[in-house]
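Colleague: Could you walk me through this structure? I am new to it and would like to see how each label is earned.

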Amino acid sequence: MSYDPHREDYQRLGLRFARSLDGKDPAAATRAFASFGRRFSQNRDSLPQSDADRAFHLVAEATTLIDYELPFADDAHAEELIERGHRLLDEALALDERCHDALRMKQAAESTSFESYYDFLAKSADDVRAACEEARAQAHDESPERALLEADIAMRPYYRWLATQAGKAVICGRNREAIRLSEKLLELDPQDSSDVRFTCAIAYAKLEDEAGLDLFAAKTKPLVRAGTDDAWMQLSRVSLAHKRHDMREAQRLLAHLMATYPHASAALAAQKELPDGVFSRLAVAPFSEDELILAISEGTVLLQEGRDDSGRGVLGTWVARQTGLDGATEARR
Amino acid sequence: MNLHDELIERLARRRSAQLGELSPAAYDELLLAVREHPQTYVDDPEDQAFMQLEQAVARVLHSRESDDLRDDDAFMEERTKRMARLARDCADALELAPNSTHARLLGILAADLEPDQQLDALMELERELDQRLGPLEAPASGDAWNDVFAHGRLRVYACLSRTCLDTARYRMANEYGQKLLGVSPSDPLGARHTCALCLARLEDEQGFGELDSRFGHRGDSWQQLARVILFYKLGRMPAARRALKGFASLCDGGHYALLRPVMVDTYLPDRPAAEPYSFQEVTLAVHEADPVVCDVPDFCAWAYEQDDFGAQAEAYAERHGYGW
């Protein structure tokens with residue numbers, strides 16, 4: 001499960017609304033809550049909210065534009081989407097200067113290199129943690145269930161910060177750092193709402209640390225969905241087998257990956273490299289074709305390694321050939 | 001050692017073995033005689049094959065000297081032609097001496113395979129050698145390189161190590177390199193260079209330190225460059241900056257070589273000889289490090305921005321009339 005900002009927006013206002021009903025007679029409260037959904041979608045301003053809530057709503061809107069619409073826009077509309085997205089982020093920051101999601105998303109666009117973005121994330125990480133923990137400490141709610149959710153929501157900007165930092169660490173070639181950040185995040189959030197374990201698997205493969213990956217897999221076993229490893233873990237395993245030149249095992253593992261995901265051959269032949277979601281990893285259905293496409297895109301660091309004239313990398317070339325679609329995709333180019 | 005000197009030694013060793021134990025003085029005299037007329041001492045098909053290969057490689061190297069004068073198309077055409085010729089020469093040598101390791105090794109290199117296929121071919125050769133000669137082990141003399149007839153097999157390992165690096169198999173590359181260092185600690189084939197790059201890529205500071213101290217912290221272009229990459233990857237930026245400074249001050253034109261890497265042609269089969277810390281050496285180091293450097297996308301941009309690293313590189317280019 002990755003982060004859905006609209007759901008989080010809904011949760012934030014829902015919590016606040018529920019709290020505003022505390023003390024009211026239960027029948028009236030139930031009646032009032034029945035109208036929440038409609039008011040949320042049609043008349044937001046009629047709901048109680050703080051500036052931080054308003055800012056987060058703008059972040060959710062900006063995410064839709066930048067992460068979900070921009071990748072499919074043509075050049076003419078791209079410019080406009082970017083501009084609108086950034087206006088929303090600016091507004092969010094004007095409302096709440098501690099809106100760390102907005103800050104992080106803005107910096108993603110303004111950084112001129114992976115390195116400078118990574119530096120920015122690394123430099124402010126402790127401050128973000130302190131701010132989120134402060135917000136969590138201020139969370140109070142009569143219902144223990146709601147208190148739990150509120151505390152979790154308070155920490156999410158920091159979780160996303162760390163998850164982004166881990167992802168960028170891999171891209172910058174800092175795989176040990178990526179593992180350290182992932183483990184730190186998993187300790188804070190054992191449910192791994194950021195799915196940072198996906199990033200961590202890639203980092204272990206980059207370090208060719210098979211024993212480390214085995215240990216990590218054992219530790220995160222309760223998080224495995226539907227009893228099957230995710231595409232990131234599977235791709236990391238394929239890469240490790242390829243790296244130790246166990247080609248038969250690499251083939252077997254790749255076949256398993258192809259059996260796990262629909263239309264896997266096409267995705268593995270195309271190896272599209274997509275821009276990373278700036279809010280968080282895009283929310284896609286587990287074990288969907290889209291999820292595989294995301295994993296392959298993040299797995300570029302494994303696929304495009306080594307000296308290879310085709311520009312696809314040694315593993316990338318091998319994988320594309322294994323799909324049997326390689327010739328077809330090259331002919332289309 | 002170049003292949004010609006090696007041919008002389010092979011011929012002298014074989015003749016000396018035929019003559020029985022020679023005194024050092026007598027052996028030196030024999031060596032002189034062989035050097036004068038090597039052809040007359042060739043009576044073993046393996047040596048005949050080796051001599052032909054040595055000449056074939058010399059022909060390729062000679063032709064490469066004019067590469068700078070060729071435009072891209074002419075260069076590619078010439079390169080294809082001379083590699084094909086080398087492949088034929090290797091096939092001829094193999095007919096003479098089917099067990100010639102050098103003919104097999106050079107034949108694989110001349111085929112200009114994709115790195116993955118080259119690795120397959122080299123590993124196949126490794127298996128055959130293991131079957132025929134038993135496992136590669138350190139001799140009683142302490143260094144397998146002392147036996148001139150073992151050079152081919154040692155070169156296969158050096159080549160395996162480099163090819164593993166090229167195919168992004170850094171752990172394997174390091175293992176082949178370490179195996180070679182184990183049987184030939186004097187390391188004339190420079191296995192330590194490949195190891196240093198791989199250990200940096202694997203962010204293995206301990207392994208890197210052990211390798212460094214094994215060679216008495218002597219240092220060379222590979223080790224200097226690998227050190228910068230290692231610290232950079234570990235996020236230890238002050239150390240990375242110091243290492244970069246060391247790299248720039250020790251390696252002649254290192255800044256230019258790093259920021260403007262050039263194409264280096266296939267090693268046949270050895271890495272070309274270069275003076276320590278010379279521009280030629282650092283050019284080779286940067287070339288070999290390419291897959292590792294590419295994996296750290298902002299590394300060169302970062303280096304450029306440190307102090308006057310970029311300015312020095314540009315000044316170096318201007319001083320030597322190189323393009324920027």
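Modeller: Gladly; two residues are in contact if their C-beta atoms, placed from the backbone, lie within 7 Å. This is a predicted model, where local features need pLDDT of at least 70 and side-chain atom pairs count only at pLDDT 80 or more, while totals for chains, interfaces and linings use all residues. Residues are numbered from 1 along each chain as its sequence is written, and chains are lettered from A and ligands numbered from 1 in the order in which they are written.

Colleague: How many residues does the contact take from chain B and from chain A?

Modeller: Chain B gives 23 residues and chain A gives 22 residues. On the side of chain B that touches chain A, α6 (115-133), α8 (170-183), α14 (279-294) and α15 (299-305) each supply at least two residues.

Colleague: What makes α4(A) roughly antiparallel to α5(A)?

Modeller: Helix α4 (residues 51-69) and helix α5 (residues 75-95) of chain A pack at an angle of about 165°, with axes 8 Å apart. Angles run from 0 to 180 degrees between N-to-C directions, along lines fitted to C-alpha atoms over the stretch in contact. Under 35 degrees is roughly parallel, over 145 roughly antiparallel, 65 to 115 roughly perpendicular and the rest oblique, so α4(A) is roughly antiparallel to α5(A).

Colleague: Why does the radius of gyration of chain B agree with a compact globule?

Modeller: The globule rule is 2.2 Å times the number of residues to the power 0.38, and the radius is taken over C-alpha atoms. For 324 residues that gives a value near 20 Å, and chain B has 21 Å, so the two agree. The C-alpha atoms of chain B fill a box of roughly 65 × 45 × 40 Å along the principal axes.

Note on methods
Helix = DSSP H or I, 4+ residues; strand = E, 2+ residues; numbered from the N terminus.
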